[in-house]
Amino acid sequence: MSDIRHSLLRRDALSAAKEVLYHLDIYFSSQLQSGPLPIVDKGPVELLEEFVFQVPKDRGAQPKEQSKDSVRQIIFSSLFSPQGNKADDSRMSLLGKLVSMAVAVCRVPVLECAASWLQRTPVVYCVRLARALVDDYCCLVPGSVQTLKQIFSASPRFCCQFITSVTALYDLSSDDLIPPLDLLEMIASWIFEDPRVLQVLMTLQLHLTEKNLYGRLGLILFDHVVPLVEEINRLADELNPLNASQEIELSLDRLAQALQVAMASGALLCTRDDLRTLCSRLPHNNLLQLVISGPVPQSPHATLPPGFYPHIHTPPLGYGAVPAHPAAHPALPTHPGHTFISGVTFPFRPIR
């Protein structure tokens, strides 16, 4: 490496940087032939910092594309793995520009390398890369978020790692750390397109809830059910003097059917007790009582525990028990005759 360094000292900055990458290509390719896990020596790292990142001067060069994925990953890691020195600022600045350009031109090999880098790099550096991408595609140019959105089909792995980094970046501790609406809408669209991304969704629960984006994911929050039930209760009181019992009964039947489907599919994020308390204000309805009361003890089912509606008793991971709303609207009239009997012997068959 010392001979290479002396020859590089006689070159200009751009030529020296290209020559370093050329020698590193040869160096790592030869190491890969001797073993599957080559060791990165201190010499190549020092050459990168001196001739690519120009410590303490700011100078850099675009990494040369490699034909082998393994060589590309090693060189990418050597270029951009933080070393805890002055070169890290230049290293991160160049990385942000490189990944941003890779997003713009949908350069999959670079995005895959960036995904590996995000997966094994300390979070303090990952959030810097996430911040650079958010600034480029969600803040600087209106509408450019569509470019970032479209890379999901090209590199889902990078998108998953990007979501994780965004989650670490936006902790709502200040006004600057509140995620942009365009960013949240894009993440919601990714999750809708590929539910496997849900493994990191729960960490974004607070942000998506505040922006009312959970509805796009096919989930129903209890706070969304409350105004619906209150509106039905208000209309029932208005129609009651008009002898519109059939219309009221039909509305309550439709409500019961909707709640049953939501509970059976696991889309309703609340407990059954919350629904009992909320719906106790409504006029009596046999179907609604059946749905809210729940199943009675029965013989064990092949796939479901006895007496269990899927997903309804316990909210999904990341959701606490939703408090009931008996005192939220004290002015609403109640209907004493509407009582839910948990032990009533209705036949129960889970919806498939």
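# Close-up views of a predicted, mostly helical chainThe secondary structure of this chain, seen here in a predicted model, comes to 15 helices and two strands. Of its 352 residues, 45% count as buried. Among the contacts in the chain with a separation of 6 or more, 72% are accounted for by residues 24 or more positions apart.

**View 1. Helix α6 and the helices that cover its buried residues.** Helix α6 runs over residues 108-120, and its 13 residues reach 19 Å from the first C-alpha to the last, which is close to the 18 Å expected at 1.5 Å a residue. The residues of α6 that are buried are V110, L111, C113, A114, A115, S116, W117 and L118. What covers these buried residues includes α4 (69-80) and α5 (87-105), together with α7 (123-140) and α9 (156-169).

**View 2. The crossing of α7 and α9.** Two packed helices are described by the angle between their axes and the distance between the axes. For α7 and α9, the axes come within 8 Å and cross at roughly 100°, and the two helices are therefore roughly perpendicular to each other. On the side of α7 the contact is made by V123, C126, V127, A130, R131, L133 and V134, while α9 contributes F158, F162, S165, V166, A168 and L169. Sorted by class, the residues of this contact between α7 and α9 are eleven nonpolar, one polar and one charged.

**View 3. The crossing of α5 and α7.** Here the axes of α5 and α7 come within 9 Å and cross at roughly 45°, so the two helices are oblique to each other. The crossing of α5 and α7 is right-handed. In α5, the residues D88, D89, M92, L95, G96, V99, S100, V103 and A104 meet Y125, R128, L129, A132, L133, D136 and Y137 of α7. The contact of α5 with α7 has ten nonpolar residues, two polar residues and four charged residues.

**View 4. The crossing of α12 and α14.** Helix α12 (residues 222-239) and helix α14 (residues 272-279) have axes that come within 11 Å and cross at roughly 20°. Because an angle under 35 degrees counts as roughly parallel, α12 is roughly parallel to α14. The crossing in which α12 passes α14 is right-handed. F222, V225, V226 and V229 of α12 meet D274, L275, L278 and C279 of α14. Of the residues in this contact between α12 and α14, seven are nonpolar, none is polar and one is charged.

**View 5. C106, a loop residue with a positive phi.** Most residues other than glycine have a negative phi. C106, although it is not a glycine, has a positive phi of about 55°, and C106 is found in the loop between α5 and α6. The relative accessibility of C106 is 35%, so this residue counts as partly exposed.

**View 6. N243, a loop residue that also has a positive phi.** N243 is found in the loop between α12 and α13 (245-265). Phi of N243 is near 55°, which is a positive value in a residue other than glycine. With a relative accessible area of 72%, N243 is exposed.

Definitions and conventions. Residues numbered from 1 in each chain as written. Predicted model: local features only at pLDDT ≥ 70, side-chain atom pairs only at ≥ 80, totals over all residues. Heavy atoms only, no water. Axes fitted to C-alpha atoms, helices over the stretch in contact; angles between N-to-C directions. Helix = DSSP H or I, 4+ residues; strand = E, 2+ residues; numbered from the N terminus. Parallel < 35°, antiparallel > 145°, perpendicular 65-115°, else oblique. Left-handed = near helix turned anticlockwise from the far one by under 90°. Contact = heavy atoms within 4.5 Å. Nonpolar A, V, L, I, M, F, W, Y, C, P; charged D, E, K, R; others polar. Expected span 1.5 Å × (residues − 1). Buried < 20%, exposed > 50% of the residue type's maximum accessible area, 1.4 Å probe, protein only.
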